[in-house]
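User: Please take a close look at a single part of this structure, namely one helix and its surroundings, and set the result within the overall fold. A formal, connected account would be appreciated.

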Amino acid sequence: MEDLSLHILDIVENSIRAKAKNITIRLTENAKTDLLVLTISDDGEGMDEAHVKRSTDPFFTTKSEKKTGLGLAFLTQSVEEAEGSMDLTSAPGRGTTVTARFKRSHINRKPLGDLEETVRCLKATHPDVHFSFKHVVHEE
Ligand SMILES: Nc1ncnc2c1ncn2[C@@H]1O[C@H](COP(=O)(O)OP(=O)(O)OP(=O)(O)O)[C@@H](O)[C@H]1O
Ligand SMILES: [Mg+2]
């Protein structure tokens with residue numbers, strides 16, 4: 001995955017597959033803590049504990065047409081390349097939140113990509129879903 005925008009497309013696709021109606025995308029950059037935090041929350045079907053545990057396994061998917069599930073595995077990899085960490089919280093019927101933390105200045109931290117265009121594209125292709133997007137930069 002070249003940039004964080006492509007990860008966002010991928011993770012949001014999971015939310016849409018889980019029948020989410022509201023998807024929140026937050027990107028917070030903090031110069032002081034040198035952190036970049038991406039949070040994607042949805043109000044879709046959610047997962048039970050066992051499902052959450054398996055979800056980052058590249059050979060786990062609930063898509064019937066394929067044998068690999070790479071979206072979360074790739075995000076985990078990108079996070080690890082930038083000395084970060086990932087959290088996934090979910091509950092059946094409650095939705096899912098994916099939090100990816102990166103060391104902002106890390107040489108291997110992926111660039112943001114075209115965030116505005118990505119969100120515009122998501123809104124245009126999923127008019128029935130409500131998207132909320134916020135990008136905040138704390139420069140000091
Ligand atoms: N937001 C979500 N809500 C409910 N289930 C999810 C969510 N995100 C992931 N999952 C579950 O975790 C599995 C793995 O997700 P992942 O994105 O890694 O792979 P995938 O979507 O199956 O395939 P790929 O991303 O490669 O097209 C999914 O198949 C689905 O069962
Ligand atoms: Mg996926």
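Analyst: The following account begins with the fold as a whole, turns to the helix α3, and closes with the strands.

The model is predicted. Its chain contains four helices and five strands, arranged along the sequence in the pattern α-β-β-α-α-β-β-α-β. The chain has a radius of gyration of 15 Å, close to the 14 Å that the globule rule gives for 140 residues, so it is as compact as a globular protein of that length. The C-alpha trace spans about 45 × 30 × 25 Å along its principal axes. Of the 140 residues, 23% are buried. Among contacts with a separation of 6 or more, 64% are between residues 24 or more positions apart.

The part chosen for close inspection is α3, which covers residues 71-81. Its buried residues are Gly71, Leu72, Leu75, Ser78 and Val79. Viewed down the helix axis, these buried residues fall within an arc of 120°, so they line one face of α3. The elements they pack against are the helices α1 and α2 (49-55) and the strands β3 (85-91) and β4 (95-103). Just after α3, Glu83 adopts a positive phi of about 50°.

The helix α3 also takes part in the surroundings of ligand 1. There are 21 residues around this ligand, and Asn14, Ala18, Thr61, Gly69 and Gly71 come nearest. Gly71 is thus both one of the buried residues of α3 and one of the residues that come nearest to ligand 1. The elements giving two or more residues to the shell are α1 (4-17) and α3; α1 is also among the elements against which the buried residues of α3 pack. By residue class, the shell consists of six nonpolar, 11 polar and four charged residues.

Pairing of the strands completes the picture. Strand β1 (residues 22-30) runs parallel to β5 (residues 130-138), and nine bridges join the two. Within this pair, Arg26 has Lys134 of β5 as its bridge partner. Strand β1 is also joined to β2 (residues 35-42), in this case by eight bridges and in an antiparallel arrangement. Here Leu27 stands opposite Leu38 of β2. In a regular strand, side chains alternate between the two faces of the sheet. The strands β1 and β2 form a hairpin with four residues between them, and in its turn Asp34 has a positive phi of about 55°.

How values were computed:
Residues are numbered from 1 along each chain as its sequence is written. Chains are lettered from A and ligands numbered from 1 in the order in which they are written. This is a predicted model: local features need pLDDT of at least 70, side-chain atom pairs count only at pLDDT 80 or more; totals for chains, interfaces and linings use all residues. The radius of gyration is taken over C-alpha atoms; the globule rule is 2.2 Å times the number of residues to the power 0.38. A residue is buried if 20 or more other C-beta atoms lie within 10 Å of its own, exposed if 12 or fewer, and partly exposed in between; C-beta atoms are placed from the backbone. Two residues are in contact if their C-beta atoms, placed from the backbone, lie within 7 Å. A residue is near a molecule or strand if its C-beta atom, placed from the backbone, lies within 6 Å of it. Ala, Val, Leu, Ile, Met, Phe, Trp, Tyr, Cys and Pro count as nonpolar, Asp, Glu, Lys and Arg as charged, and the others, Gly among them, as polar. The arc is that of the directions from the helix axis to the C-beta atoms. Two strands pair if DSSP finds at least two bridges between them.
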